[in-house]
Amino acid sequence: WVVLAARSGSLRARMAERWAQRGVRVTIGAAAVGALVTAVVAAPVVLDRLLNSGAGGRGQYFTVAWRMFTDEPLLGHGPGTWAVRRVAYTEPGELDHYIPHAHDVYLQTLAELGVVGALIGLVALVPVAWLIARALGSVPAEHRRWAWCAVFATSFMALVALFDFKMNVPTALLLGALPIAWLDGASDRGIGLGSLTGSMALWVGRGATAALWVGILVAVVFLARAEMTASTHDRAVAALYSADWGEARAPAVEAYDADPDFPAYAVTRGLVASADEDWEVALEAYRFAAEIDELSQNWLGVAQALAALEAPDAEVAEAMERALRIGMEQPSVIFAAGNLYDRLGATERADELYAETLVRYPSVVADPYWSSDDLRDRIDGIVADAAERAPDRAWELALMSGDIEVARGLAAGDPISAAIV
């Protein structure tokens, strides 16, 4: 009976083990089927998310990053310059939407740091790969488990980096760094400083520590200086928002003098100089910023300063057309350019831009701006031109112009538009 009981217990254990193995297989199979079904159902949504989202379209941001890379392939344009130079590498008619990153870490790295920066990044991955490879071949099972966690974390972050930018999300970075940090702490450090012994290791360690502290000190000094300048500039911007030009003048000048190579400070300096009618300083500041970031508003500032300095009309018009290169997607820029052309006496071009403004915002036709003697005689032609450019918005233009019966007739074919009228 003892032997039988023992054999029975052993049999039950073997059966339990087989059921457990079968359960694992069933679980894996069910998970695979579930993943396949989820992939089929979610594929269209995920594809749309990857290709068409990102505040307008990742494809456009990828294209801009690639253009920047091909223009400066070796060293790139510099860290953090993708957002600053995005407009300069955007072609007319393409999406112009402010975004702080390219939604692709690899392309943005190539654009900002070039091939050299990308290779340095790959070199930095060598010790991580070494840690993982050593742990996967390690005897302790715990090491292997952490190695697989590291494989998953790095693979997941690498995949996400193709379509988004999570380098500024500490929680995501922490979860990715934890398994690597564990492997680093548990390794025997067969490479790096751990391979050195005796006095050599001591001196190398001291030198590395000294270099680290010097680097930290230099970084803190430069960061403190940059933050102090930014704080000064913030005071100028706050005063501008309150239309207190006198209060904005001193901090705007101080920030610009402290860092004249920063486009944002140059623009603020240009605004203050324009309010003071110091057009030469305004022109220098606006032009510096515009030639770096190609923002339409900065080129309008250049045009305004040139007009005030009585520069040749062709030079003023050239600056305005630079503003409209991308600015045709922005009604405020189109309208401002039309106003400047009007002041130059180029009414034909001005009317074209006014019509484009009305196409995008028909309600602007009700603004008192059109009540001046000159524009009152031209507004009917401008509205007609806008209606010809956008027939589907003709009823809105008529409604905003006060022609209710005309608007009702134009909207008759659309029940929703007719109900609005």
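This report walks through a predicted all-residue model of one chain, from its overall make-up to a few individual side chains.

Local features were kept at pLDDT of at least 70 and side-chain atom pairs at pLDDT 80 or more, while totals for chains, interfaces and linings use all residues. Residues are numbered from 1 along each chain as its sequence is written, and side-chain values use heavy atoms, with hydrogens and water left out.

**Overall picture**

The chain has 19 helices and 0 strands. Both are DSSP runs numbered from the N terminus, with helices being H or I of at least four residues and strands being E of at least two. Of its 421 residues, 32% count as buried; here buried means under 20% relative accessible area, exposed means over 50%, and partly exposed is in between, using a 1.4 Å probe and protein chains only. Take the contacts with a separation of 6 or more: 56% of them come from residues 24 or more positions apart, where a contact is heavy atoms within 4.5 Å.

The accessible surface comes to about 24,800 Å², and 65% of that belongs to carbon and sulfur atoms. Those areas come from the Shrake-Rupley method with a 1.4 Å probe, and for residues only the protein chains shown count as cover.

**The cores**

The largest nonpolar core has 39 residues, and Val302, Leu306, Leu358, Trp370 and Ile382 have the most contacts inside it. Such a core is a set of buried Ala, Val, Leu, Ile, Met, Phe, Trp, Tyr and Cys residues joined through side-chain atoms within 4.5 Å. Helices α10 (279–293), α11 (296–308), α12 (313–327), α13 (331–344), α14 (347–360) and α16 each give two or more residues to it. Beyond its neighbours within four places in sequence, Trp370 is in contact with a list of residues including Phe335, Tyr354, Leu358, Ile379 and Ile382. There's also a second, separate core of 11 residues, with Tyr61, Met68, Trp82 and Ile99 among them.

**Salt bridges**

The count comes to 15 salt bridges, each being a side-chain nitrogen of Lys or Arg within 4 Å of a carboxyl oxygen of Asp or Glu. Here are three pairs.

| Pair | N to O distance |
|---|---|
| Glu94 and Arg67 | 2.8 Å |
| Arg389 and Asp385 | 3.1 Å |
| Arg393 and Glu396 | 3.1 Å |

Glu94 sits in the loop between α3 (82–85) and α4 (105–136) while Arg67 is in helix α2 (residues 58–71), so their salt bridge ties together parts that are 27 residues apart in sequence. Arg67 is partly exposed at 23% relative accessibility.

Arg389 and Asp385 make a more local pair: they're 4 residues apart in helix α16 (residues 379–389), or about one helical turn. Arg389 is partly exposed at 36%, and Asp385 is also partly exposed, at 23%. As for the third pair, Arg393 has a relative accessible area of 25% and Glu396 has 22%. Elsewhere, Asp342, Asp351, Asp374 and Arg378 are linked in a network of salt bridges.

**A patch on the outside**

Val214, Leu217, Val218, Val221 and Phe222 form a nonpolar surface patch with about 500 Å² of accessible area together. Patch members have over 30% relative accessible area and no salt bridge; like charges are joined within 9 Å, and nonpolar side chains (Val, Leu, Ile, Met, Phe, Trp, Tyr) within 5 Å. Phe222 lies in helix α7 (residues 198–241) and counts as exposed at 59% relative accessibility.

**Ser417**

Ser417 is in helix α19 (residues 415–420) and is buried, with a relative accessible area of 7%. Its side chain makes a polar contact of 3.5 Å with that of Trp395. The rule for a polar contact is a pair of N or O atoms within 3.5 Å; within protein, one must be able to donate a hydrogen and the other to accept it, and residues adjacent in sequence count only if both atoms are side-chain atoms. Outside its neighbours within four places in sequence, Ser417 is in contact with Trp395 and Ala411.

**Two backbone oddities**

Most residues other than glycine have a negative phi. His103, though, has a positive phi near 60 degrees. His103 is in the loop between α3 and α4 and is buried, at 6% relative accessible area. Glu277 also has a positive phi, of about 60 degrees. Glu277 lies in the loop between α9 (263–275) and α10, and is exposed at 59%.
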